[in-house]
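Please take a moment with the sequence and the model that follow, and then read on for a guided walk from rings and charges to the sheet and the pocket.

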Amino acid sequence: MAFKFPKATTPQEVALRLNRGEKLYMLDVREPEEWAAGHLEGAKHIPLGQLSGRLHELDKSKEIIVICRSGNRSGLACELLNEKGFDVVNMTGGMNNWNDVVES
């Protein structure tokens, strides 16, 4: 799949930044049951299917790291948000490749 957005990061880079104490603005677009099974502390949860109706909940002034299970839905979310003028970064590999702490 070819996504048209400029920035990507890895789960390892995100974990490193969080562990350094950086305050990251993260958006998790997985389904509620996936979120309940474990998510990143401080991430905002808006399932992909609800995203276009909830754009007002996001901060346009911040870089948003978008997260899903594998990187596909977050890629779609990045494309949508990029078109709406948001500064987005796709976490490629998603939670499947996450090996740090999760909240449940």
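A charge is said to sit over a ring if NZ of Lys or CZ of Arg is within 6 Å of the ring centre and within 35 degrees of the ring normal. In this structure, which is a predicted model, the charged end of K62 sits over the ring of Y25, at 5.4 Å from its centre. A second case involves K60, which lies over the face of F86, 5.0 Å from the centre of that ring. Pairs of aromatic rings are another matter, since a search of the whole structure finds 0 of them.

Y25 also leads into the sheet, where it stands opposite I64 in strand 4. Strands of a sheet pair through backbone hydrogen bonds, either parallel or antiparallel. Here the sheet is open and has 5 strands, placed in the order 1-5-4-2-3 with parallel pairing. Strand 1 (8-9) and strand 3 (44-45) stand at the edges and have a single partner strand each, so one side of each is left without a neighbour in the sheet.

Following the sheet from the edge formed by strand 1, one finds strand 1 paired in the parallel sense with strand 5 (residues 87-91) over 2 bridges, and in this pairing A8 stands opposite N90 in strand 5. Elsewhere in the sheet, strand 2 (residues 25-28) runs parallel to strand 4 and is joined to it by 4 bridges. Strand 2 is also joined to strand 3 by 2 bridges, again with the strands running parallel, and the bridge partner of D28 in strand 3 is H45.

Charged side chains add contacts of another kind. Side chains of opposite charge can pair when their charged atoms come close. The structure holds 11 salt bridges, and one of them is formed by the side chains of E63 and K7, at 3.4 Å from N to O. Because E63 lies in strand 4 (residues 63-67) and K7 in the segment before strand 1, this pair ties together parts that are 56 residues apart in sequence.

What volume does the largest pocket have? The value is about 280 Å³, and of the 16 residues that line this pocket, the closest to its centre are L18, N19, M26, L40 and E41. The lining as a whole divides into 7 nonpolar, 4 polar and 5 charged residues.

Notes: Residues are numbered from 1 along each chain as its sequence is written. This is a predicted model: local features need pLDDT of at least 70, side-chain atom pairs count only at pLDDT 80 or more; totals for chains, interfaces and linings use all residues. Side-chain values use heavy atoms; hydrogens and water are left out. On a 1 Å grid over the protein atoms alone, a cavity is a set of points where a 1.4 Å probe fits but cannot get out, and a pocket is an open set with protein on both sides within 12 Å along at least five of seven lines; lining residues have an atom within 4 Å of a point. Grid points are joined across faces, edges and corners, and a volume is the space filled by probe spheres set on the points. Ala, Val, Leu, Ile, Met, Phe, Trp, Tyr, Cys and Pro count as nonpolar, Asp, Glu, Lys and Arg as charged, and the others, Gly among them, as polar. Rings of Phe, Tyr and Trp (its six-membered ring) pair if their centres lie within 6.5 Å; planes under 30 degrees apart count as stacked, over 60 as edge-to-face and the rest as tilted. Two strands pair if DSSP finds at least two bridges between them. A salt bridge is a side-chain nitrogen of Lys or Arg within 4 Å of a carboxyl oxygen of Asp or Glu.
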